[in-house]
Structures are given as structure tokens and as C-alpha cells.
Amino acid sequence: MARAFLVVLDSVGCGGAPDAAEFGDAGANTLAHIAQACAAGQAEEGRSGPLALPVLDALGLGAAIRLASGADTPGLHSVPRGLWGAATEVSRGKDTPSGHWELAGVPVPWEWTYFPHTTPCFPDTLVARICAAAGTDGILGNCHAAGIPIVAALGDEHLRSGWPICYTSADSVLQIAAHEDGFGLQRLYDLCAALAPLLHDMRVGRVIARPFVGDAQSGFARTGNRRDFAIAPPAPTLCDWVQGAGGRVHAVGKINDIFSGQGIDAVHKGKDDLALFQHFLRLIDEAEADSFTFCNFVEFDTLYGHPRDVSGYARALERFDAVAGQALARLQPDDMLVITADHGNDPTAPGTDHTRERVPVLVAGKGAGEIGHCAFADVAASIAAHLGIPAQGPGRSFLA
């Protein structure tokens, strides 16, 4: 019986979004710029030489980048042996919920609320609600920031004052960082859960708990206990379609958070992507007939995209390429595997935010050929077609 696996490599875009300039991202190309930096000897920390992705390239990765953007792809010139193409997003965002929901068949029907690039950036009424929910006299941060630097800058003051560190980004998000011991992990979760309905009513997509540990002397480090409190999708997604047809849905990584638990049967978490890779491979061996496994591997984005670490991003891609090889070897005859992304995060671009890009679509188990340009929502329609269930969204299947 058929099974489907959808893997989202968080932020692994391939350039060419037709509206990139509207987001301030003209010319951004996560994959091409990493490949070009590697070929030029500019990504030598912990690795060396041209970007080596033989498994993904054989599925069509290099071809997908060239289709999406026309960019040079040194080291990625295999003749594709899978279905391959490039997907373009219609939702007006370059964030996690927009990308994942649309890949699951539901484009975002509204405009997200974003906080201004000012300091302070949060309205006084929201700050008052945060303080009331946290039981504090104030907050720290109140600005646009990257997570690791703001914790390094304000972690000691946070421990002295007990005030939560609150910040945002180019995404529609309120992020709250707090020390797991000094503030309390459950207290942080409770704070975010209490604020989430208010932020969702404002059309802010997520409230994210960002726990950390450490001290000023030894340094602060974020932990794997992040939790996203996301607004629920506005319509049934691919996860709901599968459930409605009697299939079981497995969520690996932060998928359950992104979809607010809607349409999810089993949640598989891990402290890092290496642990999540093992869940993914185990589910290829163990997932039930007619099941759908939805994976997000976030560290491309959080550890390497936002910090603008080209070498680290290249290492992560090469590490996943080995995992992809193991996955292909374990697939059963009636399985379909789709590898794609939700947005870009070009580590060569200025700033620390996501970048508006097309994403590669690589398909194993359904023969070989060029999909061409498609929509994010076509991924959901195609998986539904493979599983033999009705598609309820606007996408169209790219399967023959």
C-alpha cells in the first residue's frame, strides 16, 4: 500500500522568486550562493572543496536551482534520475507557517502583521500584557534581533532582573527568550501559551518560546526545548485530508507546532536534526500503509542561515545528503518521497532574516522527469494523488 514522506529542509531555497525585490531580497539564492562559495574556497571551515551533494543532485537539485534562477551551480551538474522542479509561493510571507501551510495545500488568505523596525517595536498595550502574564515590571529587548546575539547581550541582565527577553524579526512573530533555570522552562511555556491567542487575533503567526541555559562567564546557549505556539491553519490541510481518508499522520520535528496539532496523529521530537534524521529513517522502516510522514529539519535555518554561516550550511547540506542516500535505500516500492523547502535564508545575504526564494522540489519513487515550475500547493495535490485521496486545496498534481 502507498505511503508518502514529505521532507522540508528549512530555508533551503534556490533563488528566482519573481517578487523577491518586494521583500528586499533581489538576487538572494541560498543554494547557488553556497555552491559558488564552496567552489571558490570560501567555505572551508570543517569541510573543503566544491559542495558535494551526489544523492540530492542525482534527484535533480542542481537542475532545479538552474530552472528556478538560471544561476551557476558548481559541483551540481548530475543528470537527474528523479522527478524535479522548482516551486513558487503565492502566500505573502517568507516565514515558516506560510511555506508549510501552502506546501500542505493551504495558501495563507490574509496579510500577516509585522512589527516595525523601531526600538521599541512592540506597542505599549502588548508590552503591558506580556508583563501581566509574566508577573514582571518590564521586558528586555523590545526590538528586531537575531536570537543568539540578543541572548548573549541580555542574558545576564535577564538573570538579574527576571524580565523576559522579547524580540521579533522580519517574520510575523513574537519570540520570548528566558533561562530554563533562572526563569523556568514551564513558566516560559505558560507565558507563551497565555499570549498566543492575543497575538493570533492580531494576525501574528507565532509566539516562540526560546529557552536557554548558561551564564555570563561560561556563555549562554539555546537548548532544544524551543516550542512554537502557531496560529491554526485557516482550512483543512494535507494532514487533515490523510486523516479523513483513514491514514495516519506522523509529524517529525516542529511540524506539530506549525500546524497547532491539527491533523497530526503521532509526534516525533528530538534535541537536534541528527536525532530527527533517525526518526525519519525509522519511520521509513516502520510507518503504516497509507500513512503520511511530514518532516521539518530546522537547523539549516537556525544554526547556519540566520547566523550567516556559509561553511556550516554547506556541512549541514552534505550531512543530509548522506541521510537522503540511506532514505532512498530504505524506500518501499509504493513509497513517494518529496524533498523541498519552505523559504530561503541565504547565508551570503546582508542581515539575518529569511529570504524570499523559490524552492527545489525533488521526488523519489515516481520515476524521472522534469516537473518544471509548479506551485507550493501542487506538492500537497501530488501527495494526495499518490495516496489515492481527494485533494481539497488549489494545487494540481504534477504526477503523470
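1. UniProt positions appear here in the numbering of this chain, with feature names shortened, and such annotations may be inferred rather than shown by experiment. With that in mind, the unreviewed UniProt entry annotates residues 3-390 as "domain: Metalloenzyme". The model itself is predicted. Over residues 3-390, helix accounts for 38% and strand for 20%, and the C-alpha atoms at the two ends of the span are 15 Å apart.

2. The domain assignment splits the protein chain in two: domain 1 is made of 3-109 and 234-387, while domain 2 takes 124-230. From the C-alpha centre of domain 1 to that of domain 2 is 28 Å. Their contact involves 14 residues from domain 1 and 11 residues from domain 2.

3. On the size of this interface, a general remark applies: the accessible area lost when parts come together is often the figure quoted. Here domain 1 and domain 2 bury about 1,000 Å² between them, with carbon and sulfur atoms contributing 52%. On the domain 1 side, Asp 257, Thr 302 and Asp 353 provide 34% of the area buried against domain 2, and no other three residues provide more.

4. What kinds of interaction cross from domain 1 to domain 2? The count of salt bridges between them is 0. The polar contact rule, in contrast, gives 3 residue pairs across the interface, with both residues at pLDDT 80 or more. Helix 4 (96-103) and helix 9 (255-258) are the elements that each give two or more residues to the domain 1 side of the contact. By class, the domain 1 residues that touch domain 2 are 3 nonpolar, 5 polar and 6 charged.

5. For the chain, the salt bridge rule gives a count of 16. One of them pairs Asp 19 with Arg 92, whose closest N and O atoms are 3.5 Å apart. Asp 19 sits in the loop between strand 1 (3-9) and helix 1 (30-39), and Arg 92 in the loop between strand 2 (83-88) and helix 4, so this pair ties together parts 73 residues apart in sequence.

6. The unreviewed UniProt entry places the feature "binding site" at Asp 10, Asp 342 and His 343. These positions are spread over 334 residues of sequence, yet they cluster in space, with a largest C-alpha distance of 7.2 Å. Asp 342 belongs to the loop between strand 12 (335-340) and strand 13 (359-364).

7. Two points of backbone geometry deserve a look. Most residues other than glycine have a negative phi, and most peptide bonds are trans. Ser 11 is not a glycine, yet its phi is positive, at about 85°. The loop between strand 1 and helix 1 holds Ser 11, and Asp 19 of the salt bridge with Arg 92 is in that loop too. The peptide bond joining Thr 119 and Pro 120 is cis, with omega about 5°. Pro 120 is located in the loop between helix 4 and helix 5 (124-134).

Technical notes:
Residues are numbered from 1 along each chain as its sequence is written. This is a predicted model: local features need pLDDT of at least 70, side-chain atom pairs count only at pLDDT 80 or more; totals for chains, interfaces and linings use all residues. Side-chain values use heavy atoms; hydrogens and water are left out. Domain bounds come from an automatic or database domain assignment. Contact means heavy atoms within 4.5 Å. Buried area is the accessible area (1.4 Å probe) that two parts lose on being put together, summed over both. A salt bridge is a side-chain nitrogen of Lys or Arg within 4 Å of a carboxyl oxygen of Asp or Glu. A polar contact is a pair of N or O atoms within 3.5 Å; within protein, one must be able to donate a hydrogen and the other to accept it, and residues adjacent in sequence count only if both atoms are side-chain atoms. Helices (H or I, at least four residues) and strands (E, at least two) are DSSP runs, numbered from the N terminus. Ala, Val, Leu, Ile, Met, Phe, Trp, Tyr, Cys and Pro count as nonpolar, Asp, Glu, Lys and Arg as charged, and the others, Gly among them, as polar.
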